[in-house]
Amino acid sequence: MSSADSSKDDTQALKSVRDLIRWGASEFARQQLTFGHGTDNALDEAFHLVLHALRLPADLPTLYLESRVTASERATVVELLRRRVDTRQPAAYLLGEIQFCGMPFYVDERVLVPRSPIAELIEAQFEPWVTQTPTRILDLCTGSGCIGIACAAEIEDAEVDLADIDAGALEVAQRNIDRHELGDRVKAIRSDLFKGLGKRKYDLIVSNPPYVPTAEWQALAPEYQREPKLALEAGADGMDIVERILREAPQHLDDGGLLICEVGGSVPEFEARWPDIPVSWPDFARGGDGVFAIPKADLVAWLKTR
Ligand SMILES: C[S@@+](CC[C@H](N)C(=O)[O-])C[C@H]1O[C@@H](n2cnc3c(N)ncnc32)[C@H](O)[C@@H]1O
């Protein structure tokens, strides 16, 4: 039974912004939705969708939650909340937008919904992991372009390449480059990892590649299955793409350069494959983990031992 059948027309009883948020949260809980694309619970998800649909700011003073909505506003909001239940699409796809590093990014089903903890490293301009502010940056496996574009916005002189194998993802990335008017310093390049990058070299390579083991990907909740498989799944232990990055990154790093790469919940798989690799694991104040950093010199020395 769809959410529309189960609630019939009793939504007429919803009068205020608060009523709509409360109803949405109850529907989301009743239908056992999964969260994790910007919010982590039913109430925050309903709050986010309702305020967005009513074109109200996320920091709306609570006084306005008591405001009455018009009949057409109620219909718009209820339709959006029902679409969230019926399609199981993450809110970001329904709204076509999500915030990353305090910037709005256009997103659709061609790209992963941005949520990488690497945002915190960008906001700190990668200190203390870099000795000098990076100015030639590669965002490898860029998707929406969120990581590379945020780097360019944070570090004013940086030139940034965004690389992805998927043409659809690169269209989204280009749209975000244009939106943030960064076309003079940020370029989207179609490339199977480093293959299409010629002899380009960088002082920082930052990547959130696919790293989910196949069996784990098959068991993901519908919201995660809405994201491109190419963005998530990476072989039996999830390390197929990471292995290529480790092997090929040194040829594209300047001396003194740094590789930063996310492996998320696949840290055990990473450590099982490469127990002796000398990486550091930054801590994140806002949550998240599974991002490693390794200087070029350490990576080269380690590769020689293999
Ligand atoms: C986990 S998503 C990351 C997207 C974005 N960087 C973010 O953090 O939201 C991984 C991206 O890697 C891309 N990808 C997968 N295999 C690739 C390959 N061999 N070469 C380049 N990009 C690849 C996918 O198309 C997808 O956009």
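This passage describes the domains, the ligand surroundings and two helices of a predicted model.

In the predicted model, the chain is divided by the domain assignment into domain 1, which covers residues 3–95, and domain 2, which covers residues 110–304. The C-alpha centres of domain 1 and domain 2 are separated by 33 Å. Eight residues from domain 1 and six residues from domain 2 take part in the contact between them. On the side of domain 1 that touches domain 2, three residues are nonpolar, four are polar and one is charged.

The ligand is surrounded by 23 residues, of which Cys-141, Gly-143, Ile-165, Asn-208 and Ala-231 are the closest. Two or more residues of this shell are given by each of H7, S4 and helix H11, the last of which runs through residues 229–232. When the shell around the ligand is sorted by class, 15 of its residues are nonpolar, five are polar and three are charged.

Helix H8 comprises 13 residues, 167–179, and its length can be checked against its geometry: at 1.5 Å a residue the helix should span 18 Å, and because its end C-alpha atoms are in fact 18 Å apart, the expected and computed values agree. The buried residues of H8 are Ala-169, Leu-170, Val-172, Ala-173, Asn-176 and Ile-177. These buried residues cover an arc of only 155° around the axis, and they therefore lie on the same side of H8. The face of H8 that is turned away from this buried side carries Ala-167 and Asp-178, both of which are exposed. The cover over the buried residues of H8 includes strand S2 (103–106), helix H7 (146–154), strand S4 (159–164) and strand S5 (186–190). Among these covering elements, H7 and S4 also give two or more residues to the shell around the ligand. After H8 comes Glu-181, for which phi is positive, with a value near 50°.

A corresponding description can be given for helix H12, which is formed by residues 240–248 and whose buried residues are Ile-241, Val-242 and Leu-246. The arc that these residues cover around the axis is only 135°, which means that they are placed on the same side of H12. Elements that cover the buried residues of H12 include strand S7, spanning residues 253–262, together with helix H13, spanning residues 267–273, and helix H14, spanning residues 296–304.

Definitions and conventions:
Residues numbered from 1 in each chain as written. Predicted model: local features only at pLDDT ≥ 70, side-chain atom pairs only at ≥ 80, totals over all residues. Helix = DSSP H or I, 4+ residues; strand = E, 2+ residues; numbered from the N terminus. Expected span 1.5 Å × (residues − 1). Buried ≥ 20, exposed ≤ 12 C-beta atoms within 10 Å, placed from the backbone. Arc of directions from axis to C-beta. Contact = placed C-beta atoms within 7 Å. Near = placed C-beta within 6 Å. Nonpolar A, V, L, I, M, F, W, Y, C, P; charged D, E, K, R; others polar. Domains from an automatic or database assignment.
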